[in-house]
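Colleague: I am new to this structure and should be grateful for a close look at a single part of it. Would you please choose one place to begin, and then explain how its surroundings relate to it?

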Amino acid sequence: MVTAAAEEQRARERVKTSVEQATAIFAEKNIRFTDLRRKVFEEIASTLASVGAYEVLDRLAKKGTRLAPISVYRALDALLEAGVVHRLESKNAYFACRRLHQPRTGRRPMFLSCEKCGVVQEVDGDDIFHAIDAAAEGAKFEPRVRFVEVSGTCQECAARRNKA
């Protein structure tokens, strides 16, 4: 059985590793990883669920950093541009890229979002995107935004439901 302390330690290590990887990505893309951007990223990376901008704002305020909402949105824009966070369109919420530690393959992810606990997973969605591209081309349609988000129940929540 995993203790709360062990789980908390793993979460701290996950955030530390994510920040290191995000720092490298920002440097590679020649984008400044400012203190504010790092703080916003840390708040997002500290959870496996998606979080809204105002939730990030509240978390930072509880830690003594009071900001205007526009400051958080600007930081989020930079994090999105760098590719270290993603936005769930359906919830207008953000989550840290789960594939920062993996080599870049150019393959596009799709997002699986649990309706119960809010955890978001990234899985390879390239086949789905190829199908979308082919359908759009066949319809002579030029897609502007391409993302796939699937809502449902994660394995842990399904297991809890089945035990009840």
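Modeller: Let us begin with Glu7, which has a relative accessibility of 39% and therefore counts as partly exposed, since that class covers values between the buried limit of 20% and the exposed limit of 50%. Please keep in mind throughout that this is a predicted model. The side chain of Glu7 meets that of Arg10 in a salt bridge, with 2.8 Å from N to O. As a general matter, side chains of opposite charge can pair when their charged atoms come close. Here the two partners are three residues apart in helix H1, which means that about one helical turn separates Glu7 from Arg10. Arg10, at 46% relative accessibility, also counts as partly exposed.

The helix that holds this pair, H1, spans residues 4–28 and packs against helix H2, residues 35–45. The angle between H1 and H2 is about 140°, and their axes are 10 Å apart. The two helices are therefore oblique to each other, as an angle has to be over 145 degrees to count as roughly antiparallel. In this arrangement H1 passes H2 in a right-handed crossing. On the side of H1, the residues that meet H2 are Arg14, Val15, Ser18, Val19, Ala22 and Phe26. Their counterparts in H2 are Arg37, Arg38, Phe41, Glu42 and Ala45. Sorted by class, this contact between H1 and H2 contains six nonpolar residues, one polar residue and four charged residues.

Two of the H2 residues just named, Arg38 and Glu42, appear again among the charged pairs. Together with Asp35 and Lys39, Arg38 and Glu42 are linked in a network of salt bridges. Over the whole structure, a search finds 11 salt bridges, one of which is the Glu7 and Arg10 pair described at the start.

A further helix pair offers a comparison with H1 and H2. Helix H3, residues 53–62, packs with helix H4, residues 69–82, at an angle of about 115°, and the axes of H3 and H4 lie 10 Å apart. That angle makes H3 roughly perpendicular to H4. H3 passes H4 in a right-handed crossing. In H3, the residues involved are Ala53, Tyr54, Val56 and Leu57, and they meet Pro69, Val72, Tyr73 and Leu76 in H4. By class, the contact of H3 with H4 has eight nonpolar residues and neither polar nor charged ones, whereas the contact of H1 with H2 includes four charged residues.

Returning to charged pairs, the side chains of Arg87 and Glu89 form another salt bridge, at 2.6 Å from N to O. Arg87 has a relative accessibility of 27% and counts as partly exposed, and Glu89, with a relative accessible area of 35%, is likewise partly exposed.

Asp133 forms a salt bridge with Arg108, where the closest N and O atoms are 3.2 Å apart. Asp133 lies in helix H5, residues 126–138, while Arg108 lies in the loop between strand S2 (93–96) and strand S3 (109–114), so this pair ties together parts that are 25 residues apart in sequence. Asp133 is partly exposed, with a relative accessible area of 24%, and Arg108 is partly exposed at 25%.

Helix H5 also holds Ala136, which is buried, with a relative accessible area of 9%. Apart from neighbours within four places in sequence, Ala136 is in contact with Phe141 and Pro143. The C-alpha atoms of Ala136 and Ala75 are separated by 33 Å, and these two residues are 61 places apart along the chain.

Two loop residues complete this account. Lys140 lies in the loop between H5 and strand S5, residues 149–152. Lys140 is not a glycine, yet its phi is positive, near 55°. With a relative accessible area of 76%, Lys140 is exposed. Asn92, in the loop between strand S1 (85–88) and S2, has a positive phi of about 50° although it too is not a glycine. At 35% relative accessibility, Asn92 counts as partly exposed.

Definitions and conventions: Residues are numbered from 1 along each chain as its sequence is written. This is a predicted model: local features need pLDDT of at least 70, side-chain atom pairs count only at pLDDT 80 or more; totals for chains, interfaces and linings use all residues. Side-chain values use heavy atoms; hydrogens and water are left out. Axes are lines fitted to C-alpha atoms, for helices over the stretch in contact, and angles run from 0 to 180 degrees between N-to-C directions. Helices (H or I, at least four residues) and strands (E, at least two) are DSSP runs, numbered from the N terminus. Angles under 35 degrees count as roughly parallel, over 145 as roughly antiparallel, 65 to 115 as roughly perpendicular and the rest as oblique. A crossing is left-handed if the near helix is turned anticlockwise from the far one by less than a right angle, and right-handed if clockwise. Contact means heavy atoms within 4.5 Å. Ala, Val, Leu, Ile, Met, Phe, Trp, Tyr, Cys and Pro count as nonpolar, Asp, Glu, Lys and Arg as charged, and the others, Gly among them, as polar. A salt bridge is a side-chain nitrogen of Lys or Arg within 4 Å of a carboxyl oxygen of Asp or Glu. Buried means under 20% relative accessible area, exposed over 50%, partly exposed in between (1.4 Å probe, protein chains only).
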